[in-house]
Structure formats: structure tokens, C-alpha cells
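Subject: Structure handover

Dear colleague,

I am passing on the structure we spoke about, and I would be glad if you could look it over before reading my notes. The sequence and the coordinates come first, and the notes follow.

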Amino acid sequence: CTCYVIDITDINSSDLSDLLPYCSEKVITQSKKFYFKKDGLRKLVGHLLSLSLFPLSSKKDWAIHDETGRPFIHSTKTYHSFNISHDGDAVLVGHIETPNVYCTLGCDVMDLSKASSDERILSHTSFILTKAEQAFVNQSSDSLLAFMKIWTIKEAYVKAVSWGMTIPLNSLEVRFLDNQLSCVLRDNKKLSSQWVFHQSIIADSFIVAVAVGPLMDAHPNWIKAISAPLTTTPPDSYHKTIRLQKLT
């Protein structure tokens, strides 16, 4: 699994004009609807980065699932699971290629500088944190960072299973041991050992979380959309280090 992070601070829409012919018309239309131009730029950069990862015969091979809004590739010989996230000046694409096994991947990125300037971010945590997590955040020497660690892991998992906000974030619990991610629980039950989570802070600016797990845990409509068979066998790559690459 590889995650690519781009800092778009110095990128503007005109820089992408030559690449627009390669883009999905649907994504271009969506990017123009944002009130803030920066939001549309994030959309385009994430789309272009995901396109660069796959040997597509046509840009029509890249599609968006109508119900979940999640992009997917539906005509490659090798199954690819990928996910896009963006926040502030960060755009993240996570990608895993598994020739014989179907899995699902979710990722999340948050701009720490943006979060640190928002005084309200820690005042509305009840719908995100469990009581144990709230205690962990309160006891942390850096409560904002502790909260962001928990939040990004939860977001990555919810995106991986494609259930959206039908899964209350406070029904998940992220536990740490010696300040390292220990396990994730859902409705007080530990997730399958086939789930793997990774988290990193890049350049003291962005916090990235990745969740990879068995496709059978994902929303049935998502499984149907990508026409994937189910398997209970995790790919070996689950248990290898998730690589993070920052692009400039």
C-alpha cells in the first residue's frame, strides 16, 4: 500500500489546464460547483493523482459510485483499491494493488496548521469521541494532536467500508498503548485482525491515517458496484509497511 501526499500551496487551476482533457467530465463539473476555488482545485488534484496510478485504456474506466460518491476503477485486470482525501493544502491518495485478493482501503488527511488555528475544534467532540477517548485527549500533553490522531483513524475506517455517516464515529473506539495505536473497536468489539491501520505525521504539517481491511466488511452496495467476489484471505501486503510518499 502506498500513499501519496501533495502540498498544493503553490498550485493554481491554470497549472492544470493542460491536464483537463485527461479528467472525467463529471469531476470537472463537480470542481466548478464549489464556492471556494481552492476546494475545486483539491478535487482536481486528487482526481489527477489517482488517474496517474492506473494503466487505464480510457478515462471512462474511472467512475464514481452514485450512492457512496466514491471513485473506483472498473476495467483493470488487477484489482485496485484507492481512496482520496484532502484538507487545507494537503491532497492524499492511498492505493493498494492486490492481484488475487479483494480488500478495501480508506485514508484521511488533516492539515495540522489549519486545525491549530480553529479554536472551536475541541469544543464539539462528543459525537466523535467515546468517554475513554475523551479522557485520553484530556490527559495528553497535546490535546489537539491526540484528538486529530483519533479522528483521522476513524475517518479512514469509515471511508474504507463505505458506510459514510451511518456509522456514528463515537461507536468506534481507538485505543493507544504507550502513545502508539493499539487497536480499533466497533460497538465495543475489536475489529478483525485482518484490519491494519497506519498513521504518520508528515513535515510537522499533515497527519495521515490509512485503514486497509477485508472487502466483506464494506457496504453491500459498494461491493456490488465494483463487481468483486468476496474472500476472507488477507493479502500479504497488509502486513508490510505502508509507504508514504510526499510529492512536490
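What follows is an account of the helices and sheets, arranged around one helix and its neighbours.

Please keep in mind throughout that this is a predicted model. The secondary structure of the protein chain amounts to 6 helices and 12 strands, and of its 248 residues, 50% are buried. Among the contacts in the chain with a separation of 6 or more, 60% are between residues that lie 24 or more positions apart.

The element I looked at with most care is helix α5, which covers residues 143–161. With 19 residues at 1.5 Å a residue, α5 should span 27 Å, and because its end C-alpha atoms are 28 Å apart, the expected and modelled values agree. Taking buried to mean under 20% relative accessible area, 16 of the 19 residues of α5 are buried, so the helix is largely enclosed by the rest of the structure. Directly after α5 comes S162, whose phi is positive, near 60 degrees.

One neighbour of α5 is helix α4, made of residues 131–139. Two packed helices are described by the angle between their axes and the distance between the axes. Here the axes of α4 and α5 come within 7 Å and cross at roughly 145 degrees, and the crossing is right-handed. On the α4 side the contact is made by E133, F136 and V137, which meet S143, A146, F147, I150 and K154 of α5. By character, the residues of this contact divide into 5 nonpolar, 1 polar and 2 charged.

The next neighbour is an open sheet of 3 strands in the order β6-β11-β10, with antiparallel pairing. Its edge strands are β6 (103–111) and β10 (196–202), each of which pairs on one side only, and the twist from one strand to the next averages 15 degrees. Within this sheet, β10 is joined by 7 bridges to the antiparallel strand β11, residues 206–214, and Q199 has A209 in β11 as its bridge partner. Helix α5 packs on the sheet and touches β6, β10 and β11, its direction making about 150 degrees with that of β6.

There is also another open sheet of 3 strands, with the order β7-β8-β9 and antiparallel pairing; β7 and β9 (189–190) are its edge strands, each pairing on one side only. Strand β7 (residues 172–177) pairs with strand β8 (residues 180–186) in the antiparallel sense over 6 bridges, and in that pairing F176 stands opposite L181, while R175 has C183 in β8 as its bridge partner. The two strands form a hairpin with 2 residues between them, and D178 in the turn has a positive phi of about 55 degrees. Helix α5 lies across β7 and β8 as well, running at about 130 degrees to β7.

If you want a place to begin, I would suggest displaying α5 together with β6, β10 and β11, which it touches, and then adding β7 and β8, across which α5 lies.

With best regards

Conventions
Residues numbered from 1 in each chain as written. Predicted model: local features only at pLDDT ≥ 70, side-chain atom pairs only at ≥ 80, totals over all residues. Heavy atoms only, no water. Axes fitted to C-alpha atoms, helices over the stretch in contact; angles between N-to-C directions. Helix = DSSP H or I, 4+ residues; strand = E, 2+ residues; numbered from the N terminus. Left-handed = near helix turned anticlockwise from the far one by under 90°. Contact = heavy atoms within 4.5 Å. Nonpolar A, V, L, I, M, F, W, Y, C, P; charged D, E, K, R; others polar. Expected span 1.5 Å × (residues − 1). Buried < 20%, exposed > 50% of the residue type's maximum accessible area, 1.4 Å probe, protein only. Pairing = 2+ DSSP bridges.
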